[in-house]
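Biologist: I have a chain open on my screen and would like to go through it with you before I plan anything. Could you take my questions one by one?

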Amino acid sequence: MELFSYLPGALSYWKARQANVGRSLLKGAAVALVGLASLTTLPSIAFAEYPNKVIEIVVPFAPGGGTDTISRILAQEMSKDLGQSLIIDNRPGASTMIGSKIVADSAPDGYKLLMASFAHAVNPYMNANIKYDTATAFAPVALVAKSYNILVVKADSPFKTVQDLVTYAKANPGVLNYGSFGNGTSAHLSAELFKYLTRSDITHISYKGAAPALTDLLAGQVQMVFTSVASVTGHIAAGTLRPLAVTSFERSAAFPDIPTLAEAGVPGYVSDAWYGLYAPVGTPPEVISKLNISVEKAIRSEAFKKLEKMEGLVFVPGTPEDLKAFVDSQGARWKEVISAQGIKAD
């Protein structure tokens, strides 16, 4: 009987304890949910403050070339908009793959970017041992500019026209050398397209940028160079280099007296150059958007208007998707040329 007399009290105690446990569990779950919610908002809060430190733009060429020139002006203008310094990190070599891999391996936080160019689209078709997947390692930010190359020789060169060059090259196969600012660059492929269409034999000498290639051209180590507009404007103005033709479809407004390759006697010749900004894949969309808007503001600045007028660049504000579509089309086009010519990286 005494046992049964304790049952009502024991049952009451057990029910109260269970209720307390339930309330504790609910309270713990609520705290956990609040904590989880706060964690998911931390990246947004952090990236809302982006940028809060220096941003690096990796230029996969030596200083002094067209890509370097455009990148430095872009960095100056973007720093005004973003309120943080943007610095250039020149990492030349391996047909831009050294600099590109540095960015591909970087944290996707928007603080290390890549200024890509022509080689970015063609490297996958020329290099079997590429150390990253171009299609998946990078997030497109913005197409900065489109351009073309100029075929130049020394001012005292005996070649005064494209036809002079073609005639000599055919009569003396393998004697002429041409310099480029790296395998797979627009300079390299522009020259190879020239060789293909003219059926000429000219030896390729690869450099780590436009500046060293032009140094050897001026020294007589190579006889011709296809190079970016930005890298030779000063030389043309100073009279140290002679422009023979531009690689664009139409004449440039900046150089109306220089014929296109097609006009100069190489029918069907067209070769474009371009510059595009990338971040590592996984960079948050809000950071990509902020960078894209900043690029658009920069290329509408007076500094870029001056560059456009002087060097014949066409600046192309657009979305990250526009950059992806353009580069995909470039890759498809040059894949055929590379295959037909059997062009391989050295």
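Biologist: To start with the outside, how much area does the protein expose, and what share of it do carbon and sulfur atoms supply?

Modeller: The protein exposes about 16,300 Å², of which carbon and sulfur atoms supply 59%, with accessible areas taken from the Shrake-Rupley method with a 1.4 Å probe, where for residues only the protein chains shown count as cover. Please keep in mind that this is a predicted model, in which local features need pLDDT of at least 70 and side-chain atom pairs count only at pLDDT 80 or more, while totals for chains, interfaces and linings use all residues. Residues are numbered from 1 along each chain as its sequence is written, and side-chain values use heavy atoms, with hydrogens and water left out.

Biologist: What is the average pLDDT, and over which residues does it stay under 50?

Modeller: The average is 86, and 85% of the residues score at least 70, pLDDT being the predictor's confidence in each residue, from 0 to 100. Over residues 1–45 it stays under 50, and for that stretch the model has one contact beyond four places in sequence, where contact means heavy atoms within 4.5 Å.

Biologist: And what does the secondary structure come to?

Modeller: It comes to twelve helices and ten strands; these are DSSP runs numbered from the N terminus, with helices being H or I of at least four residues and strands E of at least two. Of the contacts with a separation of 6 or more, 78% are between residues 24 or more positions apart.

Biologist: Let's look at β4. Is that strand mostly covered or mostly open?

Modeller: Strand β4, residues 138–154, is mostly covered, since 14 of its 17 residues are buried, where buried means under 20% relative accessible area, exposed over 50%, and partly exposed in between (1.4 Å probe, protein chains only). For the protein, 49% of the 346 residues count as buried.

Biologist: Which strands does β4 pair with?

Modeller: Two strands count as paired if DSSP finds at least two bridges between them. On that basis β4 runs antiparallel to β9 (residues 272–280) with nine bridges, and A139 stands opposite A279 there. It is also antiparallel to β8 (residues 241–246) over five bridges, with K154 partnered by L241, and to β7 (residues 224–228) over four, with L151 partnered by F226. Finally, β10 (residues 314–315) pairs with β4 in the antiparallel sense over two bridges, and A145 has F315 as its bridge partner.

Biologist: You mentioned A279; which residue is 176 residues away from it in sequence but 7.1 Å away in space?

Modeller: That is V103, with the distance taken C-alpha to C-alpha. V103 sits in helix α3, residues 97–104, and counts as buried because its relative accessibility is 0%. Leaving aside neighbours within four places in sequence, V103 is in contact with V58, K112, L113, L114, F138, A279 and P280.

Biologist: Changing topic, which residues have the most contacts inside the largest nonpolar core?

Modeller: They are V162, F194 and M224, in a core of 45 residues, a nonpolar core being a set of buried Ala, Val, Leu, Ile, Met, Phe, Trp, Tyr and Cys residues joined through side-chain atoms within 4.5 Å. Helix α12, residues 320–341, gives the largest share of this core, six residues. Another core, of 37 residues, lies apart from it, and includes L113, M115, I299 and F304.

Biologist: What about T96, is it buried or exposed, and what does its side chain make a polar contact with?

Modeller: T96, in the loop between β2 (86–90) and α3, is buried, because its relative accessible area is 5%. Its side chain makes a polar contact with the side chain of N123 at 3.3 Å, meaning a pair of N or O atoms within 3.5 Å; within protein, one must be able to donate a hydrogen and the other to accept it, and residues adjacent in sequence count only if both atoms are side-chain atoms. N123 is one of the buried residues of α4, a helix spanning residues 118–126.

Biologist: And what is phi of T96?

Modeller: Phi of T96 is near 75°, a positive value in a residue other than glycine. A94, which lies in the loop between β2 and α3, has phi near 55°, also positive.
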